[in-house]
Amino acid sequence: MAKRPIFVPMLDGKRLVLERYVDFQWHSGFAKSQKQKSIRSLHEMALLEYGVKNPLEVSSKSEDPLGVALSSFNLKFVTKKGRILTVESAFQGSKVFELGGPFLDIFDFSPIDAKRDARLKSHGQLTKFSFFGVDWDLEPKTAFYDWLYINALIKNENLIAMVISRDGFTDIEFNPEKSINCQARSAALFCALYHTDRLDFVLQSRENFISMYAGRVSDPHKPEQVRFLV
């Protein structure tokens with residue numbers, strides 16, 4: 001058995017994303033087929049426990065082409081200067097450390113090479129993000145990643161109509177004990193902002209975007225599981 005979160009977009013105007021933990025049957029092994037078995041098990045239990053009827057796995061392991069397209073390794077956007085970046089490469093290339101960075105050449109790397117670049121582990125502690133001259137603090141923890149992801153998604157109109165119909169998002173590779181940012185959570189946040197007519201406001205400025213991160217909510221069914229949510 002394993003436990004992973006499913007991120008549910010909230011439309012009540014009070015919260016935007018609810019993180020619910022699901023116990024499910026884990027299928028061990030590195031093969032993609034094994035990961036997909038685990039995804040199916042996770043989604044089956046999300047339906048039984050929380051009534052999530054139309055979930056989407058957001059990762060390269062997804063059986064749904066939409067989920068693969070929404071992976072940070074595949075989701076691309078065009079900057080104001082015409083550069084085409086993936087979310088993953090933009091995120092990794094924006095990191096600033098105690099002893100160096102940002103390493104802007106990473107923007108042009110493949111997502112896997114960007115994530116594995118040795119400089120990201122050899123220049124001390126992460127201190128901030130800097131994207132085309134605009135700095136982002138490490139708090140709120142997921143703000144910069146969410147901002148990158150949502151800005152990329154809103155520029156892919158062909159994906160928007162399909163993603164907004166989903167009522168839950170997972171990433172089988174995401175382990176909250178080891179990672180902070182999650183593409184599934186960012187996709188859920190996009191849907192919540194879309195359905196509550198807040199997208200235009202939060203994308204007007206960095207300050208507007210950060211203003212969302214105002215408190216903490218917990219899963220009412222599992223009060224011990226508390227995460228910083230918007």
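A pocket is an open set of grid points with protein on both sides within 12 Å along at least five of seven lines. With that in mind, the empty spaces of this predicted model make a good place to start. The largest pocket has a volume of about 1100 Å³. Its lining comprises 31 residues, and those nearest the centre are Glu-88, Gln-92, Lys-115, Ser-179 and Asn-181. Two or more lining residues come from each of helix H3 (87–93), strand S6 (95–97), helix H4 (111–116) and strand S7 (126–131). In chemical character, the lining of the largest pocket divides into 12 nonpolar, nine polar and 10 charged residues.

The second largest pocket has a volume of about 440 Å³. It is lined by 16 residues, with Lys-80, Phe-131, Phe-132, Trp-147 and Asn-151 closest to its centre. Here the elements giving two or more residues to the lining are strand S8 (134–136) and helix H5 (143–154). H5 is the biggest contributor to this second lining, providing three residues. Eight nonpolar, four polar and four charged residues make up the lining of the second largest pocket.

Attention now turns to helix H1, which covers residues 32–50. With 19 residues at 1.5 Å a residue, H1 should span 27 Å, and the 26 Å between its end C-alpha atoms agrees with that expectation. Its buried residues are Gln-34, Lys-35, Gln-36, Ser-38, Ile-39, Ser-41, Leu-42, His-43, Ala-46 and Tyr-50. The cover over these buried residues includes four strands: S1 (2–9), S2 (17–24), S3 (55–57) and S9 (168–170). Just after H1 comes Gly-51, with a positive phi near 70°.

Strand S3, part of the cover over H1, also leads to a residue worth a closer look. Ser-59 sits in the loop that joins S3 to helix H2 (65–69). Is Ser-59 buried or exposed? Its relative accessibility is 2%, and buried means under 20%, so Ser-59 counts as buried. The side chain of Ser-59 makes a polar contact with the side chain of Glu-57, at 2.7 Å. Leaving aside residues up to four places away in sequence, Ser-59 touches Gly-67, Val-68, Ser-71, Asp-171 and Gln-183.

Terms used
Residues are numbered from 1 along each chain as its sequence is written. This is a predicted model: local features need pLDDT of at least 70, side-chain atom pairs count only at pLDDT 80 or more; totals for chains, interfaces and linings use all residues. Side-chain values use heavy atoms; hydrogens and water are left out. The expected span of a helix is 1.5 Å times one less than its number of residues. Buried means under 20% relative accessible area, exposed over 50%, partly exposed in between (1.4 Å probe, protein chains only). Contact means heavy atoms within 4.5 Å. A polar contact is a pair of N or O atoms within 3.5 Å; within protein, one must be able to donate a hydrogen and the other to accept it, and residues adjacent in sequence count only if both atoms are side-chain atoms. On a 1 Å grid over the protein atoms alone, a cavity is a set of points where a 1.4 Å probe fits but cannot get out, and a pocket is an open set with protein on both sides within 12 Å along at least five of seven lines; lining residues have an atom within 4 Å of a point. Grid points are joined across faces, edges and corners, and a volume is the space filled by probe spheres set on the points. Ala, Val, Leu, Ile, Met, Phe, Trp, Tyr, Cys and Pro count as nonpolar, Asp, Glu, Lys and Arg as charged, and the others, Gly among them, as polar.
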